Amino acid sequence: MSPRLRGVLLLIVVTAVWGSTFAVVKTLGELLAPAQLIAWRFSIGFLALLPALLIRGWGLRRRRADRPAPAAVPRFSWKDGLWRDGFLLGAWLIAGYGTQTIALQTTTANRAAFFTALSVVLVPLWLVFAQRRRMPLPLLAALPLAVLGLALLSWEGGAWVTGDAWALACAVTYAGFIITLERLSNRHAALPFTLAQLLAVTLLAWLWVAFSGGADWPPAAAWGPLLYLGVVATALTTLLQTIGQRTVSAAEASLIYALEPVTATLFSFLLIGERVGLRGALGGLLVVGSTVLSQRSGGEARPETPAPLAE
């Protein structure tokens, strides 16, 4: 399996997990304030992934002396910019998760999914106009297909509400995260870099909690969803995304992430029996088709990024 194909598959797994979280976050929003939900979610994610770093470091110390040392030993260091880069991505992350969580308090999960997925357009536009990067023709052709498919699948109509604006802000901030991750993902070993991102979000979220009135212990009903969000939909997905975007461009990644409403619809059918009509099915096929089309743009390495550090 080529590194690029592995990256694509990892990002598809990430998107599938994300598709299961909209209903979970909306339900938790009735039990916890947005700041507390994010603070607890990322605290759990950081603590869940921390033992992996400790075990990895212990395993490296057990290496025999005659074996070569790895190119990059997982560690937290100011010298190689790990904290700086982790904090930068953490700021983008908390902006994205925060705006999405606030949006789901006043808009529906489907509408939030639609607006959030508009990052599929914002990322290529950002790259073309801000970085003067040329987009392959198949990638450009895939964009309108994705937007049309998202509209058919998720758009419910109705009057504009405050939550829609927050969801659109989420699309902007997440586009910034995708582009920044493309630039930084190859600079550090994936595991410590992921932990640096999670710790940055955790600290920023608890600061948000402190300024918004203080923390409350989550009710018993919240712990199951929080553990799922923290361990699976935060720690695991952030790690896989960091690894996946090493070999997949930001523009391609944004199209893969457009599959999120499709997987959200699939989970709704499998878990709670919600059915999608002909319009939604057509929309889902268009999004899947746009993702497949985007992969015909070729697998050339991105010259602006260095080779990934060894784990």
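A residue counts as buried when its relative accessible area is under 20%. That cut-off serves the first stop of this tour through a predicted model.

**Stop one: Thr-21.** Select Thr-21, in the loop that joins helix H1 (3-19) to helix H2 (22-28). With a relative accessible area of 5%, Thr-21 is buried, because this value lies under 20%. Display its side chain next: a polar contact of 2.7 Å leads from there to the backbone oxygen of Trp-18. Then add Tyr-228, Leu-229 and Ala-233, the residues that Thr-21 contacts once its neighbours within four places in sequence are set aside.

**Stop two: helix H6.** Move to residues 119-130, which form helix H6. The 12 residues, at 1.5 Å each, should span 16 Å, and the end C-alpha atoms lie 15 Å apart, so the two values agree. Colour Ser-119, Val-120, Val-123, Pro-124 and Leu-127, the buried residues of H6. They occupy the same side of H6, because their arc around the axis is only 135 degrees. Turn to the face directed away from that buried side, where the exposed residues Phe-129 and Ala-130 are found. Just beyond H6, select Arg-132, whose phi is positive at about 55 degrees.

**Stop three: Pro-144.** Continue to helix H7 (residues 137-154) and select Pro-144 within it. Is Pro-144 buried or exposed? Its relative accessibility is 52%, and Pro-144 therefore counts as exposed, the threshold being over 50%. Finally, draw a distance between the C-alpha atoms of Pro-144 and Ser-290: these residues are 146 apart along the chain, yet the two atoms are separated by 8.4 Å.

Key:
Residues numbered from 1 in each chain as written. Predicted model: local features only at pLDDT ≥ 70, side-chain atom pairs only at ≥ 80, totals over all residues. Heavy atoms only, no water. Helix = DSSP H or I, 4+ residues; strand = E, 2+ residues; numbered from the N terminus. Buried < 20%, exposed > 50% of the residue type's maximum accessible area, 1.4 Å probe, protein only. Polar contact = N/O pair within 3.5 Å; in protein donor to acceptor, adjacent residues only side chain to side chain. Contact = heavy atoms within 4.5 Å. Expected span 1.5 Å × (residues − 1). Arc of directions from axis to C-beta.
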